[in-house]
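Got your viewer open? Let's take a short walk through some strands and rings, one selection at a time.

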Amino acid sequence: MLENIGISIGQCIHMLTRIADKALNKFWRDASARKHPIIDLQGNLSYSLSNEDGLLYVRNDFTASPYDEFEFVFGSLFLPDPVQELLSEDSSNDKVLLLMVYGESTQNLLLSELDMSTDYMLDLPHGEYSFFGLILDAGTEDLLDSTIYAIGLPCEDDLNNPDLESSYIENPGDILEFVDPTPIEITGGGPYYLNLLMLDAEQIPDCPLLLSDFLQEDFLQSPL
């Protein structure tokens, strides 16, 4: 179901194996501790900042020339009732939300930790990007051994649309009607607004529920 959504989320997870173990382990420890780390494929590590408006500013480390133009992308999350219930089953401190941004032209991956209750923004050089979200078990020592609770996909609909909530509850299999699988082209005329619809992983047919299984399945089906 997810293989045709831009570069697949499985391929992005597979790309995490390219990051040096020491850097990725440092990222995961900081993410589990809610320090809002950011990492790219080269292992460059930085941290998000909160601005005066309460937005989480995700500083990006994509390779870009000094002449590249950048645009702001403002992001929001839609967590339907089933996902809210999933998060309330135990302390939300046991779960961590990650944002993956893949640059089609640079073929770089930006991975950052977000707050589940806070909007965010990032600045990106012009180009095409795929965006994914993951809610993971924060209690594992290794990121790639973590359980996937929910997957976030770009939503083409207004997040305040009541049909979105009712469709999710009544017909979860049809929820991908609200998802736009096309990579987002960032050009002039920003800012841009990104809505991520969080899907309960258990309601996605044939979706592996462990990152390690997701990675292994993608490696067998569509290796990079």
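Here is a tour of a few spots in this predicted model.

**Stop 1: a strand and its partners.** Select residues 70-78, which make up strand β5. Now add residues 120-125, strand β8: the two run antiparallel, joined by 6 bridges. Look for Gly75 in β5, and you'll find Tyr120 of β8 standing opposite. Next, bring in residues 192-200, strand β12, which pairs with β5 in the parallel sense, again over 6 bridges. To spot one of the contacts there, click Phe78, whose bridge partner in β12 is Leu197.

**Stop 2: rings across the strands.** Show side chains for the aromatic residues; there are 3 aromatic pairs to find. One of them is Phe74 with Tyr193, a stacked pair with 5.7 Å centre to centre and 20 degrees between the planes. Phe74 belongs to β5 and Tyr193 to β12, so this pair links parts of the chain that are 119 residues apart. How exposed is each ring's residue? Phe74 counts as partly exposed because its relative accessibility is 22%, while Tyr193 counts as exposed because its value is 63%.

Now move to Tyr129 and Phe131, a tilted pair: 6.4 Å centre to centre, with 45 degrees between the planes. Both Tyr129 and Phe131 are buried.

Then go back to Phe74 and Tyr193 and add Phe72: together these residues form one aromatic cluster.

**Stop 3: a charge over a ring.** Finally, select Lys95 and Tyr149. The charged end of Lys95 sits over the ring of Tyr149, 4.7 Å from the ring's centre.

Methods
Residues numbered from 1 in each chain as written. Predicted model: local features only at pLDDT ≥ 70, side-chain atom pairs only at ≥ 80, totals over all residues. Heavy atoms only, no water. Pairing = 2+ DSSP bridges. Helix = DSSP H or I, 4+ residues; strand = E, 2+ residues; numbered from the N terminus. Phe/Tyr/Trp six-rings, centres within 6.5 Å; stacked < 30°, edge-to-face > 60°. Buried < 20%, exposed > 50% of the residue type's maximum accessible area, 1.4 Å probe, protein only. Lys NZ or Arg CZ within 6 Å of the ring centre and 35° of its normal.
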